[in-house]
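Student: I'd like a close look at one strand and its surroundings, please. Start with what it pairs with, then work outwards to the rest of the chain.

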Amino acid sequence: MRAIRVSRFGDPSVLEQSELPTPEPGAGELRVAVTAAGVGWLDTLIRRGDGPEVFAVEPPYVPGGAVAGTVDAVGAGVDETWLGKVVVSSAVGGYGGGYADTVIALPDETFPVPAGLDPQHALALLNDGSTALALLEKTPVAPGERILVSPGVGGLGSVLVQLARAAGATVVAAVRGGEKAAIARKLGAEPVDYSTADWTGEVLARTGGHRLDVVFDGVGGELGAASLALLKNGGRFSGYGMSSGAETVIGDADHARLSVVDMAQLVGFWPDNPRRVREVLRQAAEGTLTPVIGATYPLSEAATAHADIEARRYTGKSLLVVS
């Protein structure tokens, strides 16, 4: 099979296409002939050797996890009705294995793509959509509340914007540049360019001078700290990422006046994730939720995809397409 391997930690050039033995599914497993694989910011951190402890890997490894494709083989004990189904799934064994034309997966982590839904759209929602639902279940928003999503048109942020708008909230989307601002408006959010000097003042201008009820922060660092300061007393802060390379520092004074949720507090939510995946796929099939897919690349151009992500030359979800 064709796969992208990382032989050593480093820049995008360490992503190299290789020929590896085609795996056979073991007992309780199924095999997916991959048509597309998800690629994201986390993959670039892990490739550099800067990934979170929970995603610790050692080279050589095949990056990625989430895939779309067709089940072409099943192992002992797996219902043969899986054969031929178009699905989205994650490579078995935790992180790794997705950048390939063939993946071994588990039935419990595999979901049929609803009729009429583009498999690439289903793939874009597999992780980001279910995580967005988890975030909103842990930090719900109410009609009329003012919230900030930062970044506002990434793979996860763009889903958060849509779900929060559907809940009746007024949403400000932190973005960079005119193209992303236009996407935010299309999703129903008020865009604010966080690369400008007084972007926090612009947020308050968009909310009529009112401080925010909720912040969903996937950037961290200085931008995350600036977002914290925009919250009213009793507001809610949900930190789900650190694309800046640093976590948002939350001091004792912030904890005293705010309700703070971070990713560690979501661990107990993950066993219920299949329900969330099925829900976001249902909404997408019905047309009430649409992922933003910014760019697709051939599998062989995984290095270009990583370089574009690191240079922030992307919007929404990026995908690798397997011919």
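Tutor: Let's start with a pair of residues: Ile147 has Val171, in strand β9, as its bridge partner. The chain gets from β8 to β9 by way of helix α4 (residues 155–166), and this β-α-β crossover is right-handed. Right-handed here means that, with the strands pointing away from you, the path from the first strand over the helix to the second runs clockwise. As for the names, helices (H or I, at least four residues) and strands (E, at least two) are DSSP runs, numbered from the N terminus.

A quick word on what you're looking at: this is a predicted model, where local features need pLDDT of at least 70 and side-chain atom pairs count only at pLDDT 80 or more, while totals for chains, interfaces and linings use all residues. Residues are numbered from 1 along each chain as its sequence is written, and side-chain values use heavy atoms, with hydrogens and water left out.

Back to our strand. β8 (residues 146–150) and β9 (residues 170–175) run parallel and are paired over 4 bridges; two strands count as paired if DSSP finds at least two bridges between them. Further along, Val149 is matched with Ala173 in β9. Ala173 also has a bridge partner in β10, namely Pro191. β9 and β10 are parallel too, joined by 4 bridges. With α5 between them in the unit, β9 and β10 make another β-α-β motif, again right-handed.

Helix α5 (residues 178–186) lies across β9 and β10, at about 165 degrees to β9. That angle is between N-to-C directions, on a scale from 0 to 180 degrees, with axes fitted as lines to C-alpha atoms (for helices, over the stretch in contact). Contact means heavy atoms within 4.5 Å.

Is β9 buried or exposed? Of its 6 residues, 5 are buried, so the rest of the structure largely encloses β9. Buried means under 20% relative accessible area, exposed means over 50%, and partly exposed is in between (1.4 Å probe, protein chains only).

Now zoom out to the sheet. β9 belongs to an open sheet of 6 parallel-paired strands, in the order β10-β9-β8-β11-β12-β13. The edges are β10 (190–193) and β13 (259–262); each has a single partner strand, so one side of each lacks a neighbour in the sheet. On average, neighbouring strands of this sheet are turned by 20 degrees against each other, direction ignored.

Elsewhere in the chain there's other strand pairing to look at. β3 and β15 are joined antiparallel by 4 bridges, with Val39 opposite Ser318 in β15. Ser318 is also the bridge partner of Ala295, and strand β14 (residues 293–298) pairs with β15 in the parallel sense over 5 bridges. β14, α10 and β15 form a right-handed β-α-β unit as well. Strand β15 (residues 317–321) has 4 of its 5 residues buried, so the structure around it largely encloses it.

Following β3 leads to a helix. Gly40 sits in the loop between β3 (30–39) and α1 (41–48), and Gly40 is buried at a relative accessible area of 16%. In α1 itself, 6 of the 8 residues are buried, so this helix is largely enclosed by the rest of the structure. Those buried residues are Trp41, Asp43, Thr44, Leu45, Ile46 and Arg47, and their cover includes β1 (2–6), β2 (15–19), β3 and α10 (302–310). Just after α1, Gly49 has a positive phi of about 90 degrees.

For a contrast with buried Gly40, try Pro274 in helix α9 (residues 273–286). Pro274 is partly exposed, with a relative accessible area of 24%. Ignoring its neighbours within four places in sequence, Pro274 is in contact with Asp108 and Phe111.

Finally, the whole chain: it has 10 helices and 15 strands. Its radius of gyration is 20 Å, close to the 20 Å that the globule rule gives for 323 residues, so the chain is as compact as a globular protein of that length. The radius is taken over C-alpha atoms, and the rule is 2.2 Å times the number of residues to the power 0.38. Of the 323 residues, 50% count as buried.
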